[in-house]
Protein chains: 2
Amino acid sequence: MSTPEFIKIVEVGPRDGLQNEKQLVPAATKIALIEKLAACGLPVVEATSFVSPKWVPQMADAGEVLAGLQRRPGLSYPVLVPNLQGLERALAAGVQEIALFTAASEAFNRKNINAGIDESLARLAPVAEQALAQGLKVRAYVSTVLGCPYQGEVAVSEVVRVAKAVAAMGCYEVSLGDTIGVGTPKKAVAMLKAVAAEVPMPRLAVHFHDTRGTALANVYACLEAGVRVVDASVGGLGGCPYAKGATGNVATEDLVYLLHGLGYTTGVDLEALCEVARWISAELGRPPASRLARITAN
Amino acid sequence: MSTPEFIKIVEVGPRDGLQNEKQLVPAATKIALIEKLAACGLPVVEATSFVSPKWVPQMADAGEVLAGLQRRPGLSYPVLVPNLQGLERALAAGVQEIALFTAASEAFNRKNINAGIDESLARLAPVAEQALAQGLKVRAYVSTVLGCPYQGEVAVSEVVRVAKAVAAMGCYEVSLGDTIGVGTPKKAVAMLKAVAAEVPMPRLAVHFHDTRGTALANVYACLEAGVRVVDASVGGLGGCPYAKGATGNVATEDLVYLLHGLGYTTGVDLEALCEVARWISAELGRPPASRLARITAN
């Protein structure tokens with residue numbers, strides 16, 4: 001028996017998950033969520049986002065959440081930062097890691113930030129530069145890597161180009177996101193391998209949405225192809241703003257079940273994590289979107 | 001480009017799906033369900049079960065369902081038959097194919113039919129023999145292949161032994177069922193390969209439950225290992241009698257989405273199938289358990 005390999009899970013529930021919630025979640029609940037997730041053994045918990053409160057009112061309390069958070073030594077609590085203004089707020093809040101966001105789809109970028117791919121990259125470059133100069137770690141999300149809600153197909157070459165560009169900005173990790181959950185395993189692996197030819201595999205993460213039920217199949221295929229970092233959201237928090245009624249982020253607890261079953265280690269206490277999934281789902285007034293947390297919910 | 005390979009989907013919703021429904025579904029609804037599924041292009045639609053109405057009241061109308069059914073030429077409508085009495089009823093109803101059921105778990109067989117594995121096999125042998133003598137095709141289910149709700153672990157050697165035994169009875173296809181949905185891809189493949197060493201892969205089917213979200217990942221891994229027949233249930237019908245609140249059979253529409261995304265053909269019209277999933281779920285008064293049918297339900 002060889003030593004089990006470690007898969008790093010990046011928990012995105014408190015940010016990517018909650019940002020689509022219409023009902024405002026109290027800062028105290030967000031803080032409790034982050035701390036409970038950290039207590040489960042998750043190594044990275046994305047905490048909040050310094051986007052404009054005008055665009056995402058749910059994240060208006062980013063400073064308050066970070067101020068109230070008991071941070072554990074050795075854990076990362078990245079925050080999403082869209083621009084230099086957001087970076088200033090993040091620095092004022094004492095963050096040590098930020099995440100940048102762009103898309104491999106021209107149409108998605110235009111709808112999302114009213115700029116094409118090239119302009120999006122041009123806007124992110126100084127944010128990365130200043131963050132690095134301040135000693136922060138910088139992660140990057142490249143979204144719509146397997147399809148776009150506006151333009152449909154996204155060329156793998158565009159994904160490679162954008163991933164390479166953010167990696168060149170000094171982002172230590174690039175998370176490749178199937179934002180609308182259209183991916184299937186072979187296409188996911190083809191995309192991953194194409195990117196890995198330019199940005200080394202250890203610097204890549206995969207980020208799947210379970211909109212069509214394929215997220216864990218995609219994760220499995222990408223693990224087989226060598227990826228070792230996977231994003232997920234406790235309780236499947238997040239929904240999908242592009243498809244009403246649809247499932248969003250793959251649930252962290254379903255992912256952990258898969259990973260442990262495959263013989264990987266994650267450092268995560270699965271039972272405790274299911275408790276957190278049920279707790280936050282109850283706070284939001286709905287059943288968990290994960291298969292696993294539902295079983296023992298009765 | 002090579003010719004896309006065909007994956008045979010065995011639709012089990014009308015039998016395996018509905019049998020766990022507490023509320024009695026009218027025979028007319030069952031007939032409509034089977035006919036709608038056939039109209040989607042599914043090659044095999046398991047129609048009903050000739051179990052004792054005392055044990056499964058939902059299937060008491062098996063004869064009525066078959067009598068009312070417009071059968072399409074070229075399609076198979078197998079029915080589950082537990083014993084010689086069931087076979088007589090099935091023959092009287094004019095069926096052309098039956099399915100037998102047993103488990104690879106000693107404890108499961110004892111709880112389910114009050115007999116161990118060997119006695120279960122001894123009881124099935126004459127059913128298979130007489131069915132074959134009457135010119136019927138015979139399929140077999142081997143359940144609890146990756147775990148048992150009563151004994152926990154199930155040895156792969158037991159799965160192989162039982163699969164080999166039912167294949168030796170003349171069953172043309174053996175469906176390997178993860179009855180409680182505990183499987184993960186590597187364990188599923190190890191089990192499948194062990195069985196395939198004794199019963200050739202073209203005679204094997206896989207049957208996964210999505211209780212913990214891993215069904216499609218398991219399907220993908222088993223396709224990569226060579227299986228070409230997959231059981232599924234429209235709308236994820238079926239629940240799981242062993243875990244309250246849990247998801248049951250993998251949803252046919254999620255499976256079709258995966259298969260088409262992988263470049264396989266199935267003959268199934270996915271959009272029409274999603275309509276059927278939404279229709280039967282509405283008839284049962286609940287949202288579809290599949291990811292896919294939920295998206296467009298709004």
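**Close-up 1. Glu21(A) sits in a loop of chain A.** Look for Glu21(A) in the loop between helix 1 (13-17) and helix 2 (27-39) of chain A; helices here are DSSP runs of H or I with at least four residues, strands are runs of E with at least two, and both are numbered from the N terminus. This is a predicted model, so local features need pLDDT of at least 70 and side-chain atom pairs count only at pLDDT 80 or more, while totals for chains, interfaces and linings use all residues. Residues are numbered from 1 along each chain as its sequence is written, chains are lettered from A and ligands numbered from 1 in the order in which they are written, and side-chain values use heavy atoms, with hydrogens and water left out. Is Glu21(A) buried or exposed? Glu21(A) is buried, at a relative accessible area of 11% (buried means under 20%, exposed over 50%, partly exposed in between, using a 1.4 Å probe and protein chains only). Leaving aside neighbours within four places in sequence, Glu21(A) is in contact with Gln58(A), Leu284(A) and Arg286(A), where contact means heavy atoms within 4.5 Å.

**Close-up 2. Arg286(A) and Glu21(A) pair up in a salt bridge.** Their side chains meet at 2.5 Å, N to O; a salt bridge is a side-chain nitrogen of Lys or Arg within 4 Å of a carboxyl oxygen of Asp or Glu. Arg286(A) lies in the loop between helix 11 (270-283) and helix 12 (291-295) of chain A and Glu21(A) in the loop between helix 1 and helix 2, so the pair ties together parts that are 265 residues apart in sequence. Arg286(A) counts as partly exposed, with 35% relative accessibility. Over all chains, the rule counts 32 salt bridges.

**Close-up 3. In chain B, Glu46(B) and Arg15(B) form a salt bridge.** The N to O distance is 2.9 Å. Glu46(B) is in the loop between strand 2 (44-45) and strand 3 (48-49) of chain B, Arg15(B) is in helix 1 (residues 13-17), and the two are 31 residues apart. Both Glu46(B) and Arg15(B) are buried.

**Close-up 4. Four charged residues of chain A join in a network.** Lys8(A), Arg139(A), Glu173(A) and Asp231(A) are linked by salt bridges.

**Close-up 5. Chain B meets chain A.** The contact takes 33 residues from each of chain B and chain A. About 3,000 Å² is buried between them, and carbon and sulfur atoms give 58% of that; buried area is the accessible area (1.4 Å probe) that two parts lose on being put together, summed over both. Across this interface there are 4 salt bridges. The side chains of Lys186(B) and Glu224(A) meet in a salt bridge at 3.4 Å, N to O. On the side of chain B that touches chain A, helix 8 (185-196), helix 9 (215-224), helix 10 (252-261) and helix 12 (291-295) of chain B each supply at least two residues. Which helix gives the most? Helix 9 of chain B does, with 5 residues.

**Close-up 6. A two-fold axis relates the chains.** A turn of 180° and a shift of 0.0 Å along the axis lay chain B on chain A with an RMSD of 0.0 Å (copies are superposed by least squares on the C-alpha atoms of residues with pLDDT of at least 70 in both). That is the relation of a two-fold axis. In chain B, the C-alpha nearest the axis belongs to Ala217(B), 1.8 Å from it. What's more, 100% of the interface residues of chain B are also interface residues in chain A, so the copies meet through the same surface.
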